[in-house]
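Colleague: I am new to reading models like this one. Could you walk me through how each label is earned?
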Amino acid sequence: MFLTRFRALISATCICVSMVGMIGCTPSTQNPATYDVSNASIRTPVPGRTVTAGYFDFKNNSDVSVTIVGVSGDVAASIEMHTIKKIDDQMRMRPLPEISVAPGTVVNFASGGNHLMLFDVQLGNSPSVLKIELANGVIVEAPFQHTQLIDSD
Ligand SMILES: [Cu+2]
């Protein structure tokens, strides 16, 4: 009787510990099930240049809107979000301070539209991990593959 109880106590303790372990293992800064980052890439800078562009798709799987407020990473001194707007018939780059992502939707950072500008880039091995910062305090870490600029000729 005593032994049975003791075992029960042990297994209860084990469950408790493993639950704590699971919570501990899930980074509070990231929830891959809630937010998906795909097609994440950084263009390898043109030789002699230290400024380049980065792209990604961000999917909000949650049922509330989220706002991307910034992106950071060790590979660049600073990273800015930019958008491209038509001003006086010319396409111009403008800083994008934040962008909201409605529940169940995807926001694209892609060539010709929203993009990341990376300054003083020092790329190591591909991929580079960048941190996508959300207004709710969550930081989503994602690997960005290094890509070459596609030859236009
Ligand atoms: Cu730009």
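Colleague: What makes you say that L118 is in contact with I42, V51, T52, G54, V75, A76 and I79?

Modeller: This is a predicted model, and the claim rests on its coordinates. Two residues are called in contact if their C-beta atoms lie within 7 Å. Leaving aside neighbours within four places in sequence, I42, V51, T52, G54, V75, A76 and I79 meet that test with L118, so we call them its contacts.

Colleague: Why is L118 counted as part of a nonpolar core?

Modeller: A core of this kind is made of buried nonpolar residues joined through C-beta atoms within 7 Å. The largest one here has 21 residues, and L118 is among those with the most contacts inside it, along with F56, I132, A142 and F144. At least two core residues come from each of strand 1, strand 2, strand 3, strand 8, strand 9 and strand 10. As background, nonpolar side chains in soluble globular proteins tend to be buried together.

Colleague: Which strands does the chain have besides those, and what is the overall order?

Modeller: There are one helix and ten strands. Along the sequence the helix comes first, and the strands follow, as the pattern α-β-β-β-β-β-β-β-β-β-β shows.

Colleague: Why is D88 called exposed?

Modeller: A residue is exposed if 12 or fewer other C-beta atoms lie within 10 Å of its own. D88 has 5 such neighbours, so it counts as exposed. D88 lies in the loop between strand 4 and strand 5.

Colleague: What makes strand 4 and strand 5 a pair?

Modeller: Two strands pair if there are at least two bridges between them. Strand 4 and strand 5 have six, in the antiparallel sense, so the label fits. One of the bridges joins K85 to R92 in strand 5. This hairpin has two residues between its strands, and D88 takes a positive phi near 50° there.

Colleague: Why is strand 5 described as hardly covered?

Modeller: To be buried, a residue needs 20 or more other C-beta atoms within 10 Å. Among the six residues of strand 5, the count that reach this is zero.

Colleague: What is notable about the phi of N39, and is N39 exposed or partly exposed?

Modeller: Phi of N39 is near 50°, a positive value in a residue other than glycine. Most residues other than glycine have a negative phi. N39 is found in strand 1. With 14 other C-beta atoms within 10 Å, N39 falls between the limits of 12 and 20, so it is partly exposed.

Colleague: How do you know that the peptide bond from S126 to P127 is cis?

Modeller: Its omega is near 0°, and the bond is classed as cis. Most peptide bonds are trans. P127 sits in the loop between strand 8 and strand 9.

Colleague: Where does S65 lie, and which residues is S65 in contact with?

Modeller: S65 is in the loop between strand 2 and strand 3. Beyond four places in sequence, its contacts are S100, V101, A102 and P103. S65 and A102 are 37 residues apart in sequence, yet their C-alpha atoms are 4.4 Å apart in space. S65 has 13 other C-beta atoms within 10 Å, so it is partly exposed.

Colleague: How do you know that residues 6-28 need caution?

Modeller: Over residues 6-28 pLDDT stays under 50, and the model has zero contacts there beyond four places in sequence. Where pLDDT is low, the predicted coordinates should not be read in detail. For the chain, the mean pLDDT is 84, and 76% of the residues reach 70 or more.

Conventions. Residues are numbered from 1 along each chain as its sequence is written. This is a predicted model: local features need pLDDT of at least 70, side-chain atom pairs count only at pLDDT 80 or more; totals for chains, interfaces and linings use all residues. Helices (H or I, at least four residues) and strands (E, at least two) are DSSP runs, numbered from the N terminus. pLDDT is the predictor's confidence in each residue, from 0 to 100.
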